[in-house]
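This report follows how helices pack on a sheet and how the nonpolar residues are gathered. The coordinates come from a predicted model.

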Amino acid sequence: MHQRPSQFPASESHRLVNEDRRKRQPVEVIVQRIGPKVGEIIADLGAGVGYLSIPLADEGATVIALDFQQDMLDGLRERDNGRGRIRLVRATLPEIPLPDASLDRAVMVNVFHEVEDKEGLVLEISRVLRPKGRISLVDWQARETERGPPLHERVPMEKAPSYFPGFALEKSYDDPIYYHLELRRE
């Protein structure tokens, strides 16, 4: 029987921003590797409560946070003190309800493994990215770790770039628990 990939529950959103996560997956390191530019338009796909969205906005990027759980988006707004600087969009991936060629970058942190229709997601990302647009993909290593999704749902680091035809792998970071890939549209 085919099982849908597990998805992180909004009821556990406190775990997305706790000290344990900051130690295991420091957001400052992710932001440094992404190197956001002031005014760059970035969609955080599966943004949760803004672990990455808020720091990207702090760096001057224009951030659009997408999540299918309204509780997550409400939590993001609250964590950002209701400033309204991050556009919140309720969406269920693979659909990305944004105009064609409207983004400079799409980011996914611990989300790619959750999407059942990966091919559909890649087509949508390709549609919304501008020429030379970038993808920042951070996800769980395909090996046993203390936390994380079931091993059979994880996408191996070596295999992940093959899901993105037409994109060149610019940088890869092989951390113990997570990997981080930076891809650019060719």
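Helix H2 (residues 27-34) lies across S4, S5, S6 and S7, and its direction runs at about 20 degrees to that of S7. H5 also packs on the sheet, where it touches S1, S4, S5, S6 and S7, and its direction makes about 140 degrees with that of S5.

The sheet itself is open and has 7 strands in the order S3-S2-S1-S4-S5-S7-S6, with mixed pairing. Its edges are formed by strand S3 (87-90) and strand S6 (167-174), each of which pairs on one side only. Neighbouring strands are turned against each other by 20 degrees on average, with direction ignored. Within this arrangement, S5 and S7 pair in the antiparallel sense over 7 bridges, and serine 136 stands opposite glutamate 182 in S7.

The largest nonpolar core holds 30 residues, of which Leu45, Leu66, Met108, Ile125, Ile135, Leu137 and Phe164 touch the most other members. The elements below each supply at least two residues of this core, and H5 gives the most, with 4 residues.

| Element | Residues |
|---|---|
| Strand S1 | 41-45 |
| Strand S2 | 62-67 |
| Strand S4 | 103-109 |
| Helix H5 | 118-128 |
| Strand S5 | 129-140 |
| Strand S7 | 178-185 |

Leaving aside neighbours within four places in sequence, leucine 45 is in contact with Leu66, Leu93, Ile96, Ala106, Val107, Met108, Val111, Leu121 and Ile125. Apart from the largest core lies another, of 21 residues, which include Ala47, Tyr51, Val109 and Tyr178.

Key:
Residues are numbered from 1 along each chain as its sequence is written. This is a predicted model: local features need pLDDT of at least 70, side-chain atom pairs count only at pLDDT 80 or more; totals for chains, interfaces and linings use all residues. Side-chain values use heavy atoms; hydrogens and water are left out. A nonpolar core is a set of buried Ala, Val, Leu, Ile, Met, Phe, Trp, Tyr and Cys residues joined through side-chain atoms within 4.5 Å. Buried means under 20% relative accessible area, exposed over 50%, partly exposed in between (1.4 Å probe, protein chains only). Contact means heavy atoms within 4.5 Å. Two strands pair if DSSP finds at least two bridges between them. Axes are lines fitted to C-alpha atoms, for helices over the stretch in contact, and angles run from 0 to 180 degrees between N-to-C directions.
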